[in-house]
Amino acid sequence: MNKIMFYCHVFYPQNTGYSNAFQNLINSILDNDNNVEVTVVTPYQLPPDVPELVKDRLSTIRLEPKVRLKKIRYFLN
């Protein structure tokens, strides 16, 4: 089994162009190759009322962001 890890600053459930394009990339990889596991690492936390994205062979690691100021976070991005 091959494994791929992606780091994505903005991920599900945000509905931005980058987030949607990244989800489409992951879906196409998982749909076209049955021998791949995908892990997504993101600092974006889920709101309490939104369920986690669940797909076969997909795992999501949500990191706790250490910087809380938006200006500093913008420059780090």
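Val41 counts as buried in this predicted model, because its relative accessibility of 11% falls under the 20% cut-off. The place of Val41 is in strand β2, and its surroundings give a good first view of the fold. Leaving aside residues up to four places away in sequence, Val41 touches Met5, Phe6, Tyr7, Cys8, Ile61 and Leu63. One of these partners, Met5, lies 36 residues away along the chain, yet the C-alpha atoms of Val41 and Met5 are separated by 7.4 Å. The strand that carries Val41 follows a similar theme: six of the seven residues of β2 are buried, so β2 is largely enclosed by the rest of the structure.

Stepping back to the whole protein chain, there are two helices and three strands. Read from the N terminus, these elements follow one another as β-α-β-β-α. Of the 77 residues in the chain, 29% are buried. The accessible surface comes to about 5,700 Å², and carbon and sulfur atoms supply 55% of that area. Contacts across the sequence also deserve a look: among those with a separation of 6 or more, 50% join residues 24 or more positions apart.

The three strands come together in an open sheet, ordered β1-β2-β3, with parallel pairing. At the edges are β1, covering residues 2-7, and β3, covering residues 58-62, each of which pairs on one side only. From one strand to the next, the twist averages 20°. In general, the strands of a sheet pair through backbone hydrogen bonds, in either a parallel or an antiparallel manner. Here, β1 and β2 pair in the parallel sense over six bridges, and Phe6 has Val40 of β2 as its bridge partner. On the other side, β2, which spans residues 36-42, pairs with β3 over five bridges, again in the parallel sense. Within that second pairing, Thr39 finds its bridge partner in Ser59 of β3.

Helix α1, made up of residues 17-32, lies across β1, β2 and β3 and runs at about 160° to β2. Gln23 is found in this helix and, despite its polar-sounding name, needs only its numbers here: a relative accessibility of 16% means that Gln23 counts as buried. Apart from residues up to four places away in sequence, Gln23 touches Phe11, Tyr12 and Gln14.

One of those partners, Tyr12, takes part in a notable backbone feature. A cis peptide bond joins Tyr12 and Pro13, with omega at about 15°. Pro13 has its place in the loop between β1 and α1. A second backbone feature appears at Arg57, where phi is near 65°, a positive value in a residue other than glycine. Arg57 is found in the loop between β2 and β3, and counts as partly exposed at 26% relative accessibility. As background to both features, most residues other than glycine have a negative phi, and most peptide bonds are trans.

The loop between β2 and β3 also contributes to a charged pair. Side chains of opposite charge can pair when their charged atoms come close. In this model the count comes to one salt bridge, in which the side chains of Arg62 and Glu52 meet at 3.0 Å, N to O. The pair links distant parts of the chain, with Arg62 in strand β3 and Glu52 in the loop between β2 and β3, 10 residues apart. The two partners fall into separate accessibility classes: Arg62 is buried, with a relative accessible area of 18%, while Glu52 is partly exposed, with a value of 32%.

Finally, the surface holds a nonpolar patch formed by Met5, Tyr7, Ile61 and Leu63, which together have about 420 Å² of accessible area. Leu63 has its place in the loop between β3 and α2, the helix of residues 70-76. With a relative accessible area of 38%, Leu63 is partly exposed, because this value lies between the cut-offs of 20% and 50%. The patch also leads back to the starting point, since Met5, Tyr7, Ile61 and Leu63 are among the residues that the buried Val41 touches.

Technical notes. Residues numbered from 1 in each chain as written. Predicted model: local features only at pLDDT ≥ 70, side-chain atom pairs only at ≥ 80, totals over all residues. Heavy atoms only, no water. Pairing = 2+ DSSP bridges. Helix = DSSP H or I, 4+ residues; strand = E, 2+ residues; numbered from the N terminus. Axes fitted to C-alpha atoms, helices over the stretch in contact; angles between N-to-C directions. Contact = heavy atoms within 4.5 Å. Patch = residues over 30% accessible without salt bridge, like charges linked within 9 Å, V, L, I, M, F, W, Y side chains within 5 Å. Areas by Shrake-Rupley, 256 points an atom, 1.4 Å probe, with all protein chains shown as cover. Salt bridge = Lys/Arg side-chain N within 4 Å of Asp/Glu carboxyl O. Buried < 20%, exposed > 50% of the residue type's maximum accessible area, 1.4 Å probe, protein only.
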